[in-house]
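Work through the exercises below with the sequence and the 3D view side by side, and try each task before you read its solution.

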Amino acid sequence: CGDVDDRALEDAYAAVGGRSVLLGGTGQKCLAVAEGRADIAIMNFKSSAWDTCAPEALVRASGGKVTDIFGERILHCADPQSPATIVNTCGVVASSAEFTTNHDELCQTMRDNSHARELLKIWGLEEQETIQSILDRRQKQLIKGI
């Protein structure tokens, strides 16, 4: 559970269900997932790529998964190209190996969520555009910065 009031974040928590626990920063949340103390962790939209870089390795090494709230891999760039920043503006979801299906379901729900879609407007999301097309364009722009 994160610590920021945001409708998209609240919707993500609701989509997962279960018991929410407020637990430290990004590293603590990911460590709890990697160690099996938590099934899924949803981070707020203010963590940085550097907050998630090493913890992501721990979660993945334990068989888990780490993406943004749309299910896209987090890309760690030293000097990201605009409109990207080092902030994980599309949030972070970490899940244990046993909960990757729940992870995928959450991300699909968020792709259809109007509050979450607002996060993609800086990437040029148009009303009639599909989420996948904007995510593909965003991913290409992010990869340019690597």
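The exercises that follow concern a predicted model, and they go from the whole chain to one helix, then to a pair of helices and finally to single residues.

**Exercise 1. The whole chain**

Task: Describe the secondary structure of the chain, and then find what share of its residues is buried.

Solution. Begin by counting the elements, which come to 6 helices and 3 strands. Next, read them in order along the sequence, and the pattern that appears is α-α-β-α-β-β-α-α-α. Then turn to burial: of the 146 residues in the chain, 43% are buried. The accessible surface of the chain comes to about 7,500 Å², and carbon and sulfur atoms account for 50% of that surface. Finally, consider the contacts between residues with a separation of 6 or more, where 68% join residues that are 24 or more positions apart.

**Exercise 2. Helix H3**

Task: Check whether the span of helix H3 agrees or disagrees with its number of residues, and then state where the helix bends and what covers its buried residues.

Solution. Helix H3 runs over residues 49-61, which makes 13 residues, and at 1.5 Å a residue it should span 18 Å. The expected span is 1.5 Å times one less than the number of residues, so the last residue adds no further step. The C-alpha atoms at the ends of H3 are 18 Å apart, and the two values therefore agree. The axis of H3 nevertheless bends by about 30° at Pro 55. Pro 55 is also one of the buried residues of this helix, together with Ala 49, Thr 52, Glu 56 and Val 59. Among the elements that cover these buried residues are helix H2 (26-34), strand S2 (65-67) and strand S3 (92-95). Just after the helix, Gly 63 takes a positive phi of about 95°.

**Exercise 3. The pair H2 and H3**

Task: Decide whether H2 and H3 are roughly parallel or roughly antiparallel, and name residues that make the contact.

Solution. Two packed helices are described by the angle between their axes and the distance between those axes, so both values are needed. For H2 and H3, the axes come within 9 Å and cross at roughly 5°. Angles under 35 degrees count as roughly parallel, and H2 and H3 are therefore roughly parallel to each other. On the side of H2, the contact is made by Thr 26, Gly 27, Cys 30, Leu 31, Val 33 and Ala 34, while H3 contributes Asp 51, Thr 52, Pro 55, Leu 58 and Val 59.

**Exercise 4. Thr 26 and Asp 51**

Task: Classify Thr 26 and Asp 51 as buried, partly exposed or exposed, and list what each residue touches beyond four places in sequence.

Solution. Take Thr 26, which lies in helix H2, and compare its relative accessibility of 11% with the limit of under 20% for buried residues; Thr 26 therefore counts as buried. Leaving out residues up to four places away, Thr 26 touches Met 43, Ser 47, Asp 51 and Thr 52. The C-alpha atoms of Thr 26 and Thr 52 are separated by 6.6 Å, although the two residues are 26 residues apart along the chain. Now take Asp 51 in helix H3, whose relative accessibility of 37% makes it partly exposed. With neighbours within four places set aside, Asp 51 is in contact with Thr 26 and Gly 27.

**Exercise 5. Two residues of helix H6**

Task: Classify Leu 142 and Gln 132 as buried, partly exposed or exposed.

Solution. Leu 142 is found in helix H6 (residues 131-144), and its relative accessible area of 11% makes it buried. Its C-alpha atom is separated by 8.8 Å from that of Ser 82, a residue 60 residues apart from Leu 142 along the chain. Gln 132 is likewise found in helix H6, but with a relative accessible area of 35% Gln 132 is partly exposed. Beyond its neighbours within four places in sequence, Gln 132 is in contact with Glu 72 and Arg 111.

Methods. Residues numbered from 1 in each chain as written. Predicted model: local features only at pLDDT ≥ 70, side-chain atom pairs only at ≥ 80, totals over all residues. Heavy atoms only, no water. Helix = DSSP H or I, 4+ residues; strand = E, 2+ residues; numbered from the N terminus. Bend = angle between axes of the 7 residues up to and from the residue. Buried < 20%, exposed > 50% of the residue type's maximum accessible area, 1.4 Å probe, protein only. Contact = heavy atoms within 4.5 Å. Areas by Shrake-Rupley, 256 points an atom, 1.4 Å probe, with all protein chains shown as cover. Axes fitted to C-alpha atoms, helices over the stretch in contact; angles between N-to-C directions. Parallel < 35°, antiparallel > 145°, perpendicular 65-115°, else oblique.
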